[in-house]
Each structure stands twice: as structure tokens, then as C-alpha cells.
Amino acid sequence: MLEKLDQIDWSSLVHSYGYATDVPDLLQGITSLDPNVRKNVWRMLYSSILYEEAVYEAAARAVPFLIEL
């Protein structure tokens with residue numbers, strides 16, 4: 001799962017907080033066994049790629065991984 005995550009140049013993509021270099025870790029965090037970690041990761045991911053109804057370019061690259069998960 002998430003094998004192609006590192007093939008994307010996340011540092012060239014942006015989200016609401018700047019460069020999307022944290023998106024791979026957030027996507028991997030969704031698989032955590034700890035429900036509190038998952039809850040926080042979802043919140044952080046949502047606010048960074050879909051902040052205030054704006055869809056950032058990192059969202060387009062993250063969606064296929066969200067579907068995979």
C-alpha cells in the first residue's frame with residue numbers, strides 16, 4: 001500500500017500551509033492503529049489540502065492514495 005507515494009515531488013506542490021512535504025507522512029498516518037493519531041491526521045490533512053473550501057494542488061495528488069487507503 002502507498003508504494004508510489006515517494007514517486008511524487010511533494011516539495012513542488014503546495015497546500016494551505018506552504019509546500020506539501022508533510023502530505024506523505026499524513027497519508028501514512030491514516031494507517032495508524034491509534035485512533036487518536038488517525039483523527040488528528042485526518043484533521044491536519046483536510047485542513048491542509050482542502051482549507052476553507054479551497055482545493056490545493058496537493059489534493060489532486062493525494063486523492064488517489066486516499067482512494068487506495
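**Exercise 1. State how much surface the protein chain exposes, and what share carbon and sulfur atoms supply.**

Solution. The protein chain exposes about 4,600 Å². Carbon and sulfur atoms supply 54% of that area. The model is predicted, and each value here is computed from it.

**Exercise 2. Work out whether the radius of gyration of the protein chain agrees or disagrees with that of a compact globule.**

Solution.
- Step 1. Start from the chain length, which is 69 residues.
- Step 2. A compact globule with 69 residues would have a radius of gyration near 11 Å.
- Step 3. The protein chain has 11 Å, so the value agrees with the globule.
- Step 4. Add the dimensions: along its principal axes, the C-alpha trace spans about 30 × 25 × 20 Å.
- Step 5. Add burial: 33% of the 69 residues are buried.

**Exercise 3. Give the order of strands and helices along the protein chain.**

Solution.
- Step 1. Count the elements: there are three helices and two strands.
- Step 2. Read along the sequence, and the pattern is β-β-α-α-α.
- Step 3. Turn to contacts between residues at least 6 apart in sequence. Of these, 55% join residues at least 24 apart.

**Exercise 4. Describe how helix H2 meets helix H3, and classify the residues of the contact.**

Solution.
- Step 1. Locate the helices. H2 covers residues 35-49, and H3 covers residues 57-68.
- Step 2. Their axes come within 10 Å and cross at roughly 145°.
- Step 3. List the residues. H2 brings Trp42, Leu45 and Ile49, while H3 brings Ala58, Ala59, Ala62 and Leu66.
- Step 4. Sort them: seven are nonpolar, none is polar and none is charged.

**Exercise 5. Decide whether histidine 15 is buried or exposed, then map its surroundings.**

Solution.
- Step 1. Place the residue: histidine 15 lies in strand E1, residues 14-15.
- Step 2. Apply the cut-off. Buried means under 20% relative accessible area. Histidine 15 has 4% relative accessibility, so it counts as buried.
- Step 3. Find its polar partner. The side chains of histidine 15 and aspartate 22 are joined by a polar contact of 2.7 Å.
- Step 4. Leave aside neighbours within four places in sequence. Histidine 15 then touches Ala20, Asp22, Val23, Ser48, Ile49, Tyr56 and Ala58.
- Step 5. Cross-check with the helix pair: Ile49 and Ala58 also take part in the contact of H2 with H3.

**Exercise 6. Locate alanine 54, and give its C-alpha distance from histidine 15.**

Solution.
- Step 1. Alanine 54 sits in the loop between H2 and H3.
- Step 2. Its relative accessibility is 30%, so alanine 54 counts as partly exposed.
- Step 3. Alanine 54 and histidine 15 are 39 residues apart in sequence. In space they are 9.4 Å apart, C-alpha to C-alpha.

Conventions:
Residues numbered from 1 in each chain as written. Predicted model: local features only at pLDDT ≥ 70, side-chain atom pairs only at ≥ 80, totals over all residues. Heavy atoms only, no water. Helix = DSSP H or I, 4+ residues; strand = E, 2+ residues; numbered from the N terminus. Buried < 20%, exposed > 50% of the residue type's maximum accessible area, 1.4 Å probe, protein only. Polar contact = N/O pair within 3.5 Å; in protein donor to acceptor, adjacent residues only side chain to side chain. Contact = heavy atoms within 4.5 Å. Axes fitted to C-alpha atoms, helices over the stretch in contact; angles between N-to-C directions. Nonpolar A, V, L, I, M, F, W, Y, C, P; charged D, E, K, R; others polar. Rg over C-alpha atoms; globule rule 2.2 N^0.38 Å. Areas by Shrake-Rupley, 256 points an atom, 1.4 Å probe, with all protein chains shown as cover.
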